[in-house]
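Visitor: I have a chain to look over before the group meeting. Can you walk me through it?

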Amino acid sequence: GYENGKLIAVCSFVVKIVEGAKDSKVYKIPNPWLVALLSVFRELNDLDDLKMNIKFEIQVLYKCLNIKMEEVPKTNLLSTRRVPIKSSNNPDFSIKNMSATSSSSPMLPPSNNNNNN
């Protein structure tokens, strides 16, 4: 999911499953399975370029479970994974327009220097 642009679907799916267990007596902190999921979600939430809708779903999950994000240890698993390609083909990350920042003046068409006076 993280490496190939599938987070947008996987996170949504996992969040909906875990939200369904919010009243469970088993799936509460300190359940290791739940803590592991929430730890990875916390690490994902801290990524700068992650799309806002994925971050929003993660934050809604924490609120639904009545858990503060600071209460869950953040993993360091994503640093061991291959860095995803952040392109327009990857629906998980917002791409900042680099051409707008590299040029301060708008591009002008080439001028026609044929002065026939």
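Guide: What follows is a short run through the fold, the core and a few single residues.

Visitor: Is this a predicted or an experimental model, and what pLDDT does the chain average?

Guide: The model is predicted. The chain averages a pLDDT of 76, and 62% of the residues score at least 70.

Visitor: Where does pLDDT stay under 50?

Guide: Over residues 98–111. For that stretch the model has 0 contacts beyond four places in sequence.

Visitor: OK, the fold. How many helices and how many strands?

Guide: There are 4 helices and 0 strands. Read from the N terminus, the order is α-α-α-α.

Visitor: And the contacts, what share join residues at least 24 apart?

Guide: 69%, counted among contacts between residues at least 6 apart in sequence.

Visitor: How much of the chain is buried?

Guide: Buried residues account for 29% of the 117 residues. The accessible surface is about 8,600 Å², with 56% of that belonging to carbon and sulfur atoms.

Visitor: Which residues in the largest nonpolar core touch the most other members?

Guide: That core has 19 residues, and the ones touching the most other members are L38, F41, L44, I58, L61, Y62 and L65. Helix 1 (7–19), helix 2 (32–45) and helix 3 each supply at least two residues of this core. As a general matter, nonpolar side chains tend to be buried together in soluble globular proteins.

Visitor: Take L65. What is it in contact with, leaving aside neighbours within four places in sequence?

Guide: L65 is in contact with V18, K22, L34 and L38. L38 is also on the list of core residues that touch the most other members.

Visitor: Switching to charges. Is K55 buried or exposed?

Guide: K55 is buried, and it has no salt bridge. It is placed in helix 3, which covers residues 52–64.

Visitor: What is the nearest side chain of opposite charge to K55, then?

Guide: D48, at 5.6 Å. A salt bridge here needs a side-chain nitrogen within 4 Å of a carboxyl oxygen, so that distance is too long to count as one. K55 does touch D48, along with N45, L47 and L50, not counting residues up to four places away in sequence.

Visitor: Last one, N53. Why does it count as partly exposed?

Guide: Because its relative accessibility is 39%, and the partly exposed class runs between 20% and 50%. N53 is also in helix 3. Its C-alpha is 8.2 Å from that of I8, although the two residues are 45 apart in sequence.

Notes:
Residues are numbered from 1 along each chain as its sequence is written. This is a predicted model: local features need pLDDT of at least 70, side-chain atom pairs count only at pLDDT 80 or more; totals for chains, interfaces and linings use all residues. Side-chain values use heavy atoms; hydrogens and water are left out. Buried means under 20% relative accessible area, exposed over 50%, partly exposed in between (1.4 Å probe, protein chains only). Lys and Arg count as positive and Asp and Glu as negative; His and the chain ends are not counted. Contact means heavy atoms within 4.5 Å. pLDDT is the predictor's confidence in each residue, from 0 to 100. A nonpolar core is a set of buried Ala, Val, Leu, Ile, Met, Phe, Trp, Tyr and Cys residues joined through side-chain atoms within 4.5 Å. Accessible areas come from the Shrake-Rupley method with a 1.4 Å probe; for residues, only the protein chains shown count as cover.
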